[in-house]
Amino acid sequence: LNRVGLYTRMVVLLRTKRLVAPLTRTHLNWILMAALYVPSKQSQREIKGVIFDMDGTLTVPVLDFQEMRRRLKIPKAEDILLSVLAMPPEQKAQAMQVIDEMEEEGSRRLVLQSGVLELLHWLAGKGLRRALVTRNSQKNVDVLTQVLHERKLANGDKFPLFAKEPFFSKVLTRDFQPCKPHPDPVFCICEHWSVDPANVMVVGDDKSDMTCGHQAGAVTTLLKNDNNLAYEKLADFAVKDLLDMRTLFS
């Protein structure tokens with residue numbers, strides 16, 4: 001285990017088990033090992049799983065966030081979802097209705113990014129786990145899954161591994177709190193996989209994706225577009241096309 005992994009296990013234990021008794025010798029050993037262990041560069045880049053964002057990463061961006069900010073009266077400098085979650089209950093409910101309406105409209109125009117299914121199947125063939133962490137709703141995740149399934153069926157036997165296993169072994173929507181950019185979604189996925197964050201890659205197109213991944217100690221990859229080039233400095237890697245990610249695992 002590396003230092004980040006040991007720390008993660010302590011955090012997950014404290015949060016999920018609600019530990020209130022004095023720490024045992026094992027727990028204290030974990031803390032000591034985390035403080036003393038220095039991982040090698042090779043172990044830091046041994047990727048065992050990939051966590052994908054949804055909007056703008058697996059799907060072509062269709063949501064008009066500028067219009068969403070206008071309708072919600074949220075300044076450009078503020079995070080939309082975090083601002084809404086901090087609103088008083090009645091105002092929050094109204095704001096979420098606006099978001100739901102705009103997301104539902106976006107789901108009707110959902111288009112997969114080029115190479116999505118090919119990349120997911122390639123990762124599955126390499127034995128790499130796949131997960132989805134999005135600030136979208138479960139309803140819209142279901143639309144994505146249906147579109148992926150239809151694309152698979154339309155290609156006959158081209159993606160045989162998905163006849164027996166799902167596209168993603170774990171999915172977290174905005175119902176999981178705290179959401180991105182907080183690192184907890186990555187910690188949750190890593191606990192589910194029994195994998196340390198340093199051995200996981202977070203892929204997204206937004207600042208919140210890169211922040212979430214970095215704060216968890218994961219490797220981050222930015223899917224570049226014309227509107228997010230400023231975030232490239234926050235990422236460990238940057239690609240223009242999803243299929244370009246394959247070169248990162250060679």
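Biologist: What makes the approach of the H121 side chain to the backbone nitrogen of L161 a polar contact?

Modeller: The side chain of H121 reaches that nitrogen of L161 at 3.1 Å, and a polar contact is a pair of N or O atoms within 3.5 Å where, within protein, one must be able to donate a hydrogen and the other to accept it, residues adjacent in sequence counting only if both atoms are side-chain atoms. This is a predicted model, in which local features need pLDDT of at least 70 and side-chain atom pairs count only at pLDDT 80 or more, while totals for chains, interfaces and linings use all residues. Residues are numbered from 1 along each chain as its sequence is written, and side-chain values use heavy atoms, with hydrogens and water left out.

Biologist: Why is H121 called buried?

Modeller: H121 has 15% relative accessibility, and buried means under 20% relative accessible area, with exposed over 50% and partly exposed in between (1.4 Å probe, protein chains only), so H121 counts as buried.

Biologist: Which residues is H121 in contact with, leaving aside its neighbours within four places in sequence?

Modeller: Those in contact, meaning heavy atoms within 4.5 Å, are K158, F159, P160, L161 and F162.

Biologist: How do you know that C190 is in no disulfide?

Modeller: The structure holds 0 disulfides; for C190 the nearest cysteine sulfur, that of C188, is 9.3 Å away, whereas a disulfide is a pair of cysteine sulfur atoms within 2.5 Å. C212 is likewise in no disulfide, its nearest cysteine sulfur, that of C179, being 9.2 Å away.

Biologist: Why is C212 called buried?

Modeller: Its relative accessible area is 2%, so C212 is buried.
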